[in-house]
Amino acid sequence: MIDPLFLAEAALNGLLLGGVLALLALGLNLIFGVIDIVWIAYVDLVMICMYAVYFIVQVYGWPIWVGGLASVALGAVLGLGVHLLIISPILTSAPVNQLLATGGLLFFLQSFATFLWTTDHRSVRLTLPRLELFDMPISVARLVAFTLSILVMLGLYLFLTRTYIGTAIRAVSQDREAMALMGANPQRVYLVTSAVGGAMAGVAAALLIIQYAVHPFFGAAFGPITFMICVLGGLGNMVGAFVASFIMSEVIAVSGVIWSTEMGYVIAFVVFIVMIFVRPGGILAKRG
Amino acid sequence: MTGTRALGLLVLAVLAVAPFIPMGVMREYTIHVLVQIFIWSFIGGAWSLMGRFGLTSLGHGAFLGLGAYTTTLLWNFFGLTPWLGAVVAVALTAVFAVIVAYPCSRFQVLGHYFALVTLAVGEVVRLLIIAERDWTGGSLGVTVKPAGGDSLLALQFADKRVFYYGALALWLVGLHVWWRVDRSMARSAMEAIGEDETAAASVGIHVTRFKVGITVLSAVLTAIGGVAYAQYISYVNPDTLAGIGVSLRIVFAVVLGGMYSMLGPSVGTALTIALSEYLRVLFGVKFIGMAETIYGLLLILFIIFLPAGIYGTVRQFLRRRRPAAVAA
């Protein structure tokens with residue numbers, strides 16, 4: 001029998017992990033909702049940004065917040081780059097081609113990272129105070145990451161609901177054709193969305209590097225779970241993705257403690273299949 | 001049509017005698033590359049059975065890994081001949097494919113959703129293989145236990161030419177299956193489903209039955225391809241036989257070649273394997289990762305500039321040329 005304290009600790013870790021996963025899922029979902037293309041290589045962009053933070057903080061000795069801001073800026077630039085160089089030429093292509101183009105980017109980023117930085121695991125070491133709650137050690141790094149990701153998501157919510165361009169983004173994701181008929185320029189909305197989505201990847205990178213070591217195959221470790229969360233929450237559905245992140249992170253964290261990390265993902269997948277049975281349109285979809 | 005047929009027979013004749021053409025030291029290597037092309041073309045063809053109807057699976061690595069690992073583990077631990085092992089693998093894969101395809105079809109998991117769900121499936125099979133490391137050797141993979149010399153029962157041969165003819169036969173069987181599906185009622189039904197599920201259902205097409213059926217066929221053939229590959233290489237590894245990497249490679253090859261024609265997947269596979277072999281030889285052990293980097297970059301460029309695939313583009317070009325020639 002497993003000590004209930006371990007389970008409680010796992011549940012807490014799951015909750016904290018959920019925040020960062022939600023950030024990833026929201027970034028991907030935002031892009032999908034607006035541009036209708038899934039960036040298979042999204043988490044690999046995160047990986048590139050994580051390397052950037054690593055080099056800025058660990059190699060060049062700048063403070064972590066500089067690394068974080070640089071990561072956000074780099075993410076936005078990468079997002080713009082991906083849209084301009086890869087997505088916009090194939091906006092009207094068959095869906096399989098669109099998936100594959102970003103899949104090619106995944107190959108490219110993974111191998112280029114291997115080429116440049118080898119497969120060594122690299123991590124940013126921060127000296128943070130220790131915290132305990134009911135005899136459970138709490139990772140301050142995770143707590144900070146969780147808090148910041150909630151704040152960023154709140155910021156995204158305000159951006160989407162309170163600004164003009166945010167309203168335009170939501171309008172496009174509701175009806176692409178009607179939006180163009182209203183005289184708005186979808187191209188500009190696409191660009192802003194890609195940049196915001198990329199910046200979210202940058203934020204996630206800065207929050208992940210203080211918890212996990214980065215290596216060229218980091219995207220393969222977090223990518224599938226991000227996709228599962230997006231499907232579970234309903235592709236393009238922001239609130240759904242947010243809720244799904246916490247369900248998935250709890251499943252992974254708790255079953256990871258009971259069995260093993262890999263089994264945690266397998267169980268998460270089983271949950272995922274069962275959920276598709278129960279709620280095919282995503283957990284928050286209205287029953288039709 | 002007779003011209004095409006004559007050309008086809010000529011190509012077949014060349015392929016049939018290819019292992020005996022004297023090429024000196026290059027012979028072993030050429031045969032090795034050709035065997036890989038045949039096996040992966042077969043797998044690519046199996047993928048395109050689904051892909052051409054809009055069922056974009058990014059998780060065929062799951063079926064591949066299931067096939068390869070089932071026969072390998074049954075042979076290593078219980079000494080069960082791969083012939084029977086393949087039967088077990090096919091049965092398991094079929095069940096697994098139904099488990100994935102049935103809910104997806106029943107609840108209209110389409111397009112991007114389907115791609116992401118299957119992608120997750122492939123990744124989960126990879127993780128499961130890694131997690132069960134006592135049996136599967138984890139991420140280090142596992143070697144097929146040598147039978148000690150040539151053995152038809154163990155499907156192990158020292159001479160690569162045996163595998164060459166086996167793979168050639170497998171490839172031809174794959175083409176035959178593709179042709180049969182292309183000529184069948186199922187094709188019309190699946191095309192209708194691919195266009196509009198509700199409309200297809202309204203004219204009396206049993207949507208779920210056809211979709212699950214084509215998925216099982218595609219998955220089973222992929223598993224057989226996995227068995228063939230594992231027997232040939234006599235080593236299985238979760239990263240080369242399951243997960244995102246290999247799944248995407250299969251799809252790339254097919255889309256590059258063109259998935260709506262019988263030979264498209266084979267052309268694409270031949271090109272991608274030739275390309276990656278060339279890059280591998282070019283860079284060797286220097287610049288680790290460079291070969292894959294260029295591979296990825298070329299794939300993006302191909303997708304952007306040749307959206308119909310190479311074979312498809314060539315055919316479009318020829319078709320455009322032909323009426324002009326008649327007019328002249």
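What radius of gyration would a compact globule with 328 residues have, and what does chain B have? I began my notes on this predicted model with that check: a compact globule of that length would have a radius of gyration near 20 Å, and chain B, at 20 Å, agrees. I then looked up the extent along the principal axes, where the C-alpha atoms of chain B fill a box of roughly 60 × 50 × 40 Å. For the secondary structure of chain B I noted 15 helices and 2 strands.

Confidence came next. I read a mean pLDDT of 84 for chain B, with 97% of its residues at 70 or more, and for the complex the predictor gives an ipTM of 0.78 and a pTM of 0.85. I keep in mind that where pLDDT is low, the predicted coordinates should not be read in detail.

I turned to the packing of α10(B). Helix α2 of chain B, residues 26-51, packs with helix α10 of chain B, residues 207-233, at an angle of about 165°, and their axes are 8 Å apart. Because an angle over 145 degrees counts as roughly antiparallel, I describe α2(B) as roughly antiparallel to α10(B). I recorded the crossing of α2(B) and α10(B) as left-handed. On the α2(B) side the contact includes B:Phe42, B:Trp47 and B:Met50, while the α10(B) side includes B:Leu221, B:Ala228 and B:Tyr232. By class, the residues of the contact of α2(B) with α10(B) are 14 nonpolar and 4 polar, with no charged.

I also looked up a second partner of α10(B), namely helix α7 of chain B, residues 160-183, whose axis comes within 11 Å of that of α10(B) and crosses it at roughly 170°. That angle makes α7(B) roughly antiparallel to α10(B). Here B:Phe163, B:Ala167, B:Leu170, B:Gly174 and B:Val177 of α7(B) make the contact with B:Leu221, B:Ala228 and B:Tyr232 of α10(B). I noted 7 nonpolar residues, 1 polar and no charged in the contact of α7(B) with α10(B).

Last, I went to the contact between the chains, which takes 40 residues from chain B and 39 residues from chain A. Among the elements that each supply at least two residues of the side of chain B that touches chain A, I found α5 (111-131), α12 (244-257) and α14 (290-305) of chain B. The most comes from α5(B), which gives 14 residues to that side. By class, I recorded the residues of the side of chain B that touches chain A as 30 nonpolar, 8 polar and 2 charged.

Key. Residues are numbered from 1 along each chain as its sequence is written. Chains are lettered from A and ligands numbered from 1 in the order in which they are written. This is a predicted model: local features need pLDDT of at least 70, side-chain atom pairs count only at pLDDT 80 or more; totals for chains, interfaces and linings use all residues. Two residues are in contact if their C-beta atoms, placed from the backbone, lie within 7 Å. Helices (H or I, at least four residues) and strands (E, at least two) are DSSP runs, numbered from the N terminus. Ala, Val, Leu, Ile, Met, Phe, Trp, Tyr, Cys and Pro count as nonpolar, Asp, Glu, Lys and Arg as charged, and the others, Gly among them, as polar. Axes are lines fitted to C-alpha atoms, for helices over the stretch in contact, and angles run from 0 to 180 degrees between N-to-C directions. Angles under 35 degrees count as roughly parallel, over 145 as roughly antiparallel, 65 to 115 as roughly perpendicular and the rest as oblique. A crossing is left-handed if the near helix is turned anticlockwise from the far one by less than a right angle, and right-handed if clockwise. pLDDT is the predictor's confidence in each residue, from 0 to 100. The radius of gyration is taken over C-alpha atoms; the globule rule is 2.2 Å times the number of residues to the power 0.38.
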